[in-house]
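Work through the following exercises with the sequence and the model side by side, and try each task before reading its solution.

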Amino acid sequence: MKKIIVVLVVMVVSVSAAIAQEWQTDINVAKEIATKESKPIILVFQGSDWCAPCIKLDREIWSTDAFKKYAKENYVMLKADFPRRKKNKLSETQTKANALLAEKYNKQGFFPFVVVLDSNGKVLGKSGYKKTTPEKYIKELNTFTK
């Protein structure tokens, strides 16, 4: 009985890991992966603990199994988060890195703001929150890379 439980737990963890979304937080690492794997970068500017449309975008698109599965194969996901609550405070290094990304790619300070980049960091397209399905959102993101 114990062996069956252990096997089930291992299987559940394995499946979760296989579908897990891997978010990068360093533009240079994202560019490196994008170059190596010939994928575009999806840069997401969000306020994870205060921006209602950001939270909706995460729940309705980024966190869905359909998007995570597609993204794993087709995109390099890069997050620039700007939390406001003390408990969610980022390291000083990460805060500065996100500010530099915003200075370059989000001068207007829109949240959420989605920027599709090539592996060199060139802007291919921009989007934001839309009330839509993960499949339609993927289709829109893909129009920027074709």
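A residue counts as buried when its relative accessible area is under 20%, as exposed when that value is over 50%, and as partly exposed in between. The model used here is predicted.

**Exercise 1. Describe the overall make-up of the protein: which elements does it hold, and in what order do they run?**

Step 1. Begin with the elements themselves: the protein contains six helices and five strands.

Step 2. Follow the chain from the N terminus, and the elements appear in the order α-β-α-β-α-α-β-α-β-β-α.

Step 3. Turn next to burial, where the cut-off above is needed: of the 146 residues in the protein, 36% are buried.

Step 4. Consider the surface as well, since the protein exposes about 9,200 Å², and carbon and sulfur atoms supply 58% of that area.

Step 5. Finally, look at the contacts with a separation of 6 or more, of which 70% are made by residues 24 or more positions apart.

**Exercise 2. Examine the salt bridge between Glu 60 and Lys 131, and decide where each partner lies and whether each is buried or exposed.**

Step 1. Side chains of opposite charge can pair when their charged atoms come close. In this structure there are four salt bridges, and one of them joins the side chains of Glu 60 and Lys 131, with an N to O distance of 3.6 Å.

Step 2. Locate the partners: Glu 60 belongs to helix H3 (residues 52-62), whereas Lys 131 sits in the loop between strand S5 (123-127) and helix H6 (134-143), so that the pair, 71 residues apart, links distant parts of the chain.

Step 3. Apply the cut-offs to each residue: Glu 60 has a relative accessible area of 19% and is therefore buried, while Lys 131, at 68%, is exposed.

**Exercise 3. Find how the partners are placed along the chain in the salt bridges Lys 96 with Glu 92 and Glu 140 with Lys 130.**

Step 1. Take Lys 96 and Glu 92, whose side chains meet at 3.3 Å, N to O. Both residues lie in helix H5 (residues 92-105), and because they are four residues apart, about one helical turn separates them.

Step 2. Check the exposure of Glu 92, which counts as exposed at 59% relative accessibility.

Step 3. Now take Glu 140 and Lys 130, whose closest N and O atoms are 3.3 Å apart. Here Glu 140 is in helix H6 and Lys 130 in the loop between S5 and H6, ten residues apart.

Step 4. Classify Lys 130 last: with a relative accessible area of 34%, this residue is partly exposed.

How values were computed: Residues are numbered from 1 along each chain as its sequence is written. This is a predicted model: local features need pLDDT of at least 70, side-chain atom pairs count only at pLDDT 80 or more; totals for chains, interfaces and linings use all residues. Side-chain values use heavy atoms; hydrogens and water are left out. Helices (H or I, at least four residues) and strands (E, at least two) are DSSP runs, numbered from the N terminus. Buried means under 20% relative accessible area, exposed over 50%, partly exposed in between (1.4 Å probe, protein chains only). Contact means heavy atoms within 4.5 Å. Accessible areas come from the Shrake-Rupley method with a 1.4 Å probe; for residues, only the protein chains shown count as cover.
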